[in-house]
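I opened this notebook to keep track of what I looked up, starting with enclosed spaces and ending with a metal site.

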Amino acid sequence: NPKYVIYCGTKRMLYPKPETLNPPRTDVLTITPWFAPIVWNGMYNSDILNAHFLQRGVRIGLTVFAIKKYTVFVKTFIETAEKFFMVGHRVNYYVYTDRPNDIPNITLAEGRQLVILNVPSYQRWQEVSMRRMEMIRDLSHQRFNKEVDYLVCVDVDMQFSDEVGVEILSDVFGTLHPGFYGSDRQSFTYERRPESQAFIPADEGDFYYAGGFFGGTIEEVYKLTDFCHNAMMTDKEHNIEAIWHDESYLNKYFLYHKPTKILSIEYLWDNSFGVPDLLKRRRFVAVPKNHEAIRN
Ligand code: 2GW
Ligand code: MN
């Protein structure tokens, strides 16, 4: 007899027992040496997780930046999020933009709302990308802390194409970069100049994390974005900017503040890489963009 049962509404929830001697995945790493799960399809049961997070009444904020021409990505981003992102949970979309009038009106499901945050734009695109850290940090303690429990911070030039649910939530999480999940340390494109705050020596580093998908509790996201922004400002004073901008500082942060969960490449894929065997679901994929047209 089980000591406790999980109820889904008034119904007893039944599910297959985990098999100690038959792990669901043996083709990929599913846990880090510091015991953080790496989230792959087959490793978790959404029913159990949903019941647990619904019981807690968890509220999730999804931040996205649409500055200048990148407002074109918002419609598909939100529409696909309505289909696949945290369905059944309470969700606030936070869209930071310099063009609030270009944000389309989209009907949202119950329990979900869109918040448009009017912000200035920066001249250099590197700055547009990097300043996200500062803007997420600032609202984390001014606003997000009052409205949501977790924040999920992503690129906008993306679309959801399969479920992204509460399995991603943890104190602080990062995502494997689709270009480097099979690479050795030396090939990671970390910042290699010791003068930069983002510097990582050749014999250190766990994973190469993507700049386009991270999150955690408001408090942890505050610490992460505060660190990255401060490191960028120190570098700016010394006239140096890390090779991959915010992504380089994020990688530095995660090296010395280990994420408590890591999302696999299912959560940030680019179809131009094809579809490897181990990739069973493509949940969040890059929207192909005409770099010339969109970035100028
Ligand atoms: C304009 C020209 C060139 C590059 C970016 C932009 C731009 C970016 C823009 O005009 N307006 C804007 O809102 N953005 C925001 O910055 C938008 O949210 C976008 O998703 C994000 C990052 O820029 P993106 O998506 O064009 O760059 P990726 O896909 O190459 O991003 C990776 O590398 C970046 C650092 O270079 C970041 O770390 C990013 O998180 C990574 O995915
Ligand atoms: Mn992007």
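By a cavity I mean a set of grid points where a 1.4 Å probe fits but cannot get out. I note at the start that the model is predicted.

Entry on the search. Looking through the whole structure, I found two cavities of 30 Å³ or more.

Entry on the largest cavity. I read its volume as about 70 Å³, and I listed its lining as Thr63, Phe65, Ser129, Arg132, Met133, Ile136, Cys153, Val154, Gly211, Phe214 and Asp246. When I asked which elements supply this lining, I found that β4 (59–66), α4 (132–147) and β7 (150–154) each give at least two residues, with α4 giving the most, namely three. Sorted by class, the lining of the largest cavity holds six nonpolar, three polar and two charged residues.

Entry on the second largest cavity. Here the volume is about 40 Å³, and the residues that line the space are Phe65, Ile67, Pro120, Ser121, Tyr122, Glu127, Val128, Arg131 and Met135. I counted six nonpolar, one polar and two charged residues by class in this second lining. I marked Phe65 in both lists, since the residue lines the largest cavity and also the second largest.

Entry on the metal. Which residues coordinate the manganese ion (ligand 2)? I found Asp155 (OD) and, entered twice, Asp157 (OD), at 2.2 to 2.4 Å. I then looked up how accessible these residues are: Asp155 counts as partly exposed because its relative accessibility is 22%, whereas Asp157 is buried, with a relative accessible area of 9%, the cut-off for buried being under 20%.

Note on methods: Residues numbered from 1 in each chain as written. Chains lettered and ligands numbered in written order. Predicted model: local features only at pLDDT ≥ 70, side-chain atom pairs only at ≥ 80, totals over all residues. Heavy atoms only, no water. 1 Å grid on protein atoms, 1.4 Å probe; cavity = no way out; pocket = protein on both sides within 12 Å on 5 of 7 lines; lining within 4 Å. Points joined across faces, edges and corners; volume = space filled by probe spheres on them. Helix = DSSP H or I, 4+ residues; strand = E, 2+ residues; numbered from the N terminus. Nonpolar A, V, L, I, M, F, W, Y, C, P; charged D, E, K, R; others polar. Donors = N, O, S within 2.8 Å, 3.2 Å for Na, K, Ca; no water. Buried < 20%, exposed > 50% of the residue type's maximum accessible area, 1.4 Å probe, protein only.
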